[in-house]
There are 2 protein chains.
Amino acid sequence: MATLGDLERAVMDLLWEHQEAITANSLRDLLSQRPSTEDSTVESRPLAVTTVLTVLSRLEKKGLVERERSSRPHRYRAVTSREDHTAELMLEVLGSAPDREAVLARFIGTVSPGEAETLRKLLGH
Amino acid sequence: MATLGDLERAVMDLLWEHQEAITANSLRDLLSQRPSTEDSTVESRPLAVTTVLTVLSRLEKKGLVERERSSRPHRYRAVTSREDHTAELMLEVLGSAPDREAVLARFIGTVSPGEAETLRKLLGH
DNA sequence: ATAGAACTTCTACAACAAGTAGAAAAGTAT
DNA sequence: ATACTTTTCTACTTGTTGTAGAAGTTCTAT
């Protein structure tokens, strides 16, 4: 399902950081501060607003973003939190295969001790 | 990184089912039995072997497949097990964000009771 | 050793996703 | 009404994937 491109991802990251819905113009400004590829040598021209709007439309079509059409410069917000979205993606990757448990075993083996501790608590011993 | 197309995925699934390395021809045969979209009405022409070879080359480039160039019809095998691959993908999705624990919390909330039990055991006492 | 078969590599094209943005249309404010 | 802002439409470019023919290479059987 939802595999995001670099710009789409950058936009989602900004939306996730913002509790309130924000406009395409604000997003463009925020994006121009946040250099895409951490390449300090080049100061690239900021994106056109239409570019941001196109991306937002696509994200809306994908169900990741919704917009307030009521407020005049439309305002956009993420539909789900980053955590929920990531967790959903992980589930999607995990899938409904018969080897789910084996996958989980491998997965668990890689989390940090601190996280393992957290998980243990969450699972309620 | 590795987002696979439908055919690439189908090929990987077959390779994962096979312990031994197999040829492109065998794969083509297996693929023609396994209908891609479960659409029983249409009996589509089997793929050309070159198609399978192209896909295998791409999977090789992605590091998911390796081939025995020694045996004459080259034989292909998956580099990692499906479980390992899936677990890696999950980790990739989880990423190195600061909200990893929050994501894990959401994630854990969705696994089945049986799986939760398994996880509990895996995490130790 | 050689012709034909089998196999691999090269090249190519169509379809689609994603980055990018101008042109045109629609809404707003004075 | 008119100038300005915002949104939608349309479009081009690049990269990925499905698809496979053409060309090149390597066997194999005689």
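Author: A helix here is a DSSP run of H or I with at least four residues, and helices are numbered from the N terminus. The model discussed is predicted.

Reader: Which elements each supply at least two residues of the surface near DNA strand D?

Author: Both protein chains take part. Chain A supplies α3, and chain B supplies two helices. The full set is α3 of chain A with α1 and α3 of chain B.

Reader: Which element gives the most to that surface near DNA strand D?

Author: α3 of chain A and α3 of chain B are both on the list of contributors. One element leads with four residues, and that is α3(B).

Reader: Which residues come nearest to DNA strand D?

Author: There are 23 residues around this strand. Sugar and phosphate make up 59% of the strand D atoms that come within 4 Å of the protein. The nearest residues come from both chains: His74(A), Thr3(B), Asp6(B), Leu7(B) and Arg58(B).

Reader: How far is the backbone N or O atom of His74(A) from a phosphate oxygen of DNA strand D?

Author: Take two side-chain contacts to phosphate oxygens of this strand as well. Arg69(A) has a side-chain N or O atom at 3.3 Å. For Thr51(B), the side-chain N or O atom is at 3.1 Å. The backbone atom of His74(A) lies at 2.2 Å.

Reader: How do the residues near DNA strand D divide by class?

Author: The surface holds nonpolar, polar and charged residues. The counts are five nonpolar, eight polar and 10 charged.

Reader: Now DNA strand C. Which element gives the most to the surface near it?

Author: At least two residues each come from α1 and α3 (49–61) of chain A and from α3 (49–61) of chain B. The surface divides into five nonpolar, eight polar and nine charged residues. The leading element gives four residues, and it is α3(A).

Reader: Which residues come nearest to DNA strand C?

Author: This strand has 22 residues around it. Of its atoms that come within 4 Å of the protein, 60% belong to sugar and phosphate. The nearest residues are Thr3(A), Asp6(A), Leu7(A), Arg58(A) and His74(B).

Reader: How far is a base nitrogen of DNA strand C from the side chain of Arg58(A)?

Author: Contacts reach the backbone and the bases of this strand. A polar backbone atom of Asp6(A) is 2.7 Å from a phosphate oxygen. A polar side-chain atom of Thr54(A) lies 2.8 Å from a base nitrogen. For an N or O atom in the side chain of Arg58(A), the distance to a base nitrogen is 2.8 Å.

Reader: Which residues lie nearest the centre of the largest pocket?

Author: The pocket holds about 1,200 Å³ of space. Two or more lining residues come from each of α1 (6–17) and α4 (82–94), in chain A and in chain B. By class, the lining has 16 nonpolar, 11 polar and 11 charged residues. Of the 38 lining residues, those nearest the centre are Leu89(A), Val93(A), Thr3(B), Leu89(B) and Val93(B).

Reader: In what order do the elements of chain A run?

Author: Chain A has six helices and three strands. From the N terminus on, the order is α-β-α-α-β-β-α-α-α.

Reader: How far apart are the C-alpha centres of domain 1 and domain 2 of chain A?

Author: The domain assignment gives domain 1 as 6–78 and domain 2 as 82–123. The centres of these domains lie apart by 30 Å.

Reader: What radius of gyration does chain A have?

Author: The C-alpha atoms fill a box of roughly 50 × 40 × 25 Å along the principal axes. A compact globule of 125 residues would come near 14 Å, but chain A has 18 Å.

Terms used:
Residues numbered from 1 in each chain as written. Chains lettered and ligands numbered in written order. Predicted model: local features only at pLDDT ≥ 70, side-chain atom pairs only at ≥ 80, totals over all residues. Heavy atoms only, no water. Domains from an automatic or database assignment. 1 Å grid on protein atoms, 1.4 Å probe; cavity = no way out; pocket = protein on both sides within 12 Å on 5 of 7 lines; lining within 4 Å. Points joined across faces, edges and corners; volume = space filled by probe spheres on them. Nonpolar A, V, L, I, M, F, W, Y, C, P; charged D, E, K, R; others polar. Near = heavy atom within 4 Å. Polar contact = N/O pair within 3.5 Å; in protein donor to acceptor, adjacent residues only side chain to side chain. Rg over C-alpha atoms; globule rule 2.2 N^0.38 Å.
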